[in-house]
Amino acid sequence: MRPSLSSRLKVLSDSPMKIIASLLGPAGANVIRLHAGEPSLPPPLELVDQVVDDLRRPESYAYTPVTGLPELREALAEDLRADGIDVTPDEVAITSSGTTSIFGVLSAILDPGDEVILTDPTFMMYRPVIEYLGARARWVRSPPEEGFQPDVEAIKEAIGERTKAIVVVDPDNPTGRLMRPEASRALAEVAQDKGVYLLVDEAYRRIVYEGSYQSPQRYAPDNVVGLGSFSKDPGVPGLRVGYVYGPKELVEAYAELNGHMVFGASNASQLFVLRYLRWRGREAFIRSVVEEYRRRRDAAVSAARRHLPSAKFMVPQGSMYLYLDLSPLVSDSERFAAELASRHGVTVMPGTAFGPSGRTFVRVTFVSQQPDRLEEGIRRIGAALS
Ligand SMILES: Cc1ncc(COP(=O)(O)O)c(C=O)c1O
């Protein structure tokens, strides 16, 4: 008998996609979906007419360069510079999503046997890809009692011979913390001293409620690599556009790989983003989105205080999530999330998707529902706990 080919597939280990699929089940109208980081406000509709005009031109259907449309690279570099990130257009590349930025950059830098330092908790897409590439994730806890700030000393200690990179997400998914400027600077200096990359995932760069995001790029431009997305600002996840910035050689290595993965990102999607970055109304638009998200965050926080009095959590300063510690009532967050979905009609992400410390945590998205539905979802979590 020939061995079955399917048993020899190279699959991702413990992919969070499986967790998401298991939560979905039959979609009832009464199910309140609080698990996905999906924006719920429409993007600027006045740009749509302009893009429809763009699409009447045949060149809008051409392949684009593997680094993205040159005008978009220029607009993005300008946009990043306005936020204090000092890059030229040849130090940025357009990608087909933040997810592609993650896969592409990790593929460009990792050899089998390498190590990557991940904060625990961190965004769920990193660990499976690192392991898929034959490298190892080394977890360093960001203590909740320190507001989930990265523990810079412990990260420094954890760097070894095979460490290639440190990953931080700022503003963070799942915790909503914004890194303190001192921590950001200290991490950049550690990366520089130790000769490793600092990958900073800034998908939520403009989704900030208190303070403002500052990239560590200025402190170590040869070491810091930014990974970005246009899914949250302007809120077009279905168009699939993201970016990377960093040292020119890394951007080139990424682009070469991209040439073998997707070639250039979608031309039409890049035109939309180009129109957005060049749009006069851009700042006012994103400010109004953040205002609305802040209203929903505040509604979620007060609902959590009312319905989940024993939950421990931090009021998020950015991104889209409440990260709730439900100990001692919950000790197996995957089982709890499955039960919530099947018996109580509310979906949340179990904390185990974000790292080893997540067994007692669940992540609740507060942007995707109106305050009354959010309140009802959180009430149901309280009912399940009692
Ligand atoms: C921290 C972080 N990075 C990257 C991404 C990927 O974004 P996308 O692939 O939609 O551009 C997400 C999506 O939720 C995210 O939360």
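**Ligand surroundings, pockets and cavities**

In this predicted model, the ligand is surrounded by 13 residues, and the closest of them are Gly 98, Thr 99, Tyr 204, Ser 229 and Ser 231. Three side chains place polar atoms beside oxygen atoms of the ligand. For Thr 99, an N or O atom of the side chain is 2.6 Å from a ligand oxygen. For Tyr 204, the distance between a polar side-chain atom and an oxygen atom of the ligand is 2.7 Å, and for Asn 173 the corresponding distance is 2.8 Å. The ligand taken alone exposes 400 Å², of which the protein buries 91%.

The protein atoms were also examined for open pockets. The largest pocket has a volume of about 620 Å³, and 30 residues line it. Those that lie nearest its centre are Gly 37, Thr 99, Phe 123, Met 125 and Lys 232. Two or more lining residues are given by each of helix H1 (16-24), helix H4 (98-109) and strand E7 (224-229). Thr 99 thus appears in two settings, being among the residues closest to the ligand and among those nearest the centre of the largest pocket. By class, the lining of this pocket comprises 15 nonpolar, nine polar and six charged residues. Both domain 1 (5-42 + 283-385) and domain 2 (57-277) contribute to the lining of the largest pocket, with at least three residues from each.

Enclosed spaces were considered next. The count comes to two cavities of 30 Å³ or more. The largest cavity holds about 70 Å³ of space. Its lining consists of Glu 202, Ala 203, Tyr 204, Arg 205, Arg 206, Ile 207, Ser 229, Phe 230, Asp 233, Tyr 243 and Arg 282. Five of these lining residues are nonpolar, one is polar and five are charged. Tyr 204 and Ser 229 line the largest cavity and are also listed among the residues closest to the ligand.

The second largest cavity contains about 40 Å³ of space. The residues lining the second largest cavity are Pro 39, Leu 41, Pro 42, Lys 232, Pro 234, Gly 235, Phe 285, Val 289 and Tyr 293. By class, seven of them are nonpolar, one is polar and one is charged. As with the largest pocket, at least three lining residues come from each of domain 1 and domain 2. Lys 232 takes part in the lining of the second largest cavity and is one of the residues nearest the centre of the largest pocket.

Backbone geometry was examined last. Most residues other than glycine have a negative phi, and most peptide bonds are trans. Against this background, two cis peptide bonds and one positive phi value may be described. A cis peptide bond joins Asp 233 and Pro 234, with omega about 15°. Pro 234 is placed in the loop between strand E7 and strand E8 (242-245). Both partners of this bond line cavities: Asp 233 belongs to the lining of the largest cavity, and Pro 234 to that of the second largest. Another cis peptide bond links Asp 120 to Pro 121, with omega about 10°. Pro 121 is found in the loop between strand E3 (115-120) and helix H5 (126-132). The positive phi belongs to Ser 97, a residue other than glycine, where the angle is near 150°. Ser 97 has its place in the loop between strand E2 (92-95) and helix H4, and helix H4 is also one of the elements that line the largest pocket.

Definitions and conventions
Residues are numbered from 1 along each chain as its sequence is written. This is a predicted model: local features need pLDDT of at least 70, side-chain atom pairs count only at pLDDT 80 or more; totals for chains, interfaces and linings use all residues. Side-chain values use heavy atoms; hydrogens and water are left out. On a 1 Å grid over the protein atoms alone, a cavity is a set of points where a 1.4 Å probe fits but cannot get out, and a pocket is an open set with protein on both sides within 12 Å along at least five of seven lines; lining residues have an atom within 4 Å of a point. Grid points are joined across faces, edges and corners, and a volume is the space filled by probe spheres set on the points. Helices (H or I, at least four residues) and strands (E, at least two) are DSSP runs, numbered from the N terminus. Ala, Val, Leu, Ile, Met, Phe, Trp, Tyr, Cys and Pro count as nonpolar, Asp, Glu, Lys and Arg as charged, and the others, Gly among them, as polar. Domain bounds come from an automatic or database domain assignment. A residue is near a molecule or strand if one of its heavy atoms lies within 4 Å of it. A polar contact is a pair of N or O atoms within 3.5 Å; within protein, one must be able to donate a hydrogen and the other to accept it, and residues adjacent in sequence count only if both atoms are side-chain atoms. Accessible areas come from the Shrake-Rupley method with a 1.4 Å probe; for residues, only the protein chains shown count as cover.
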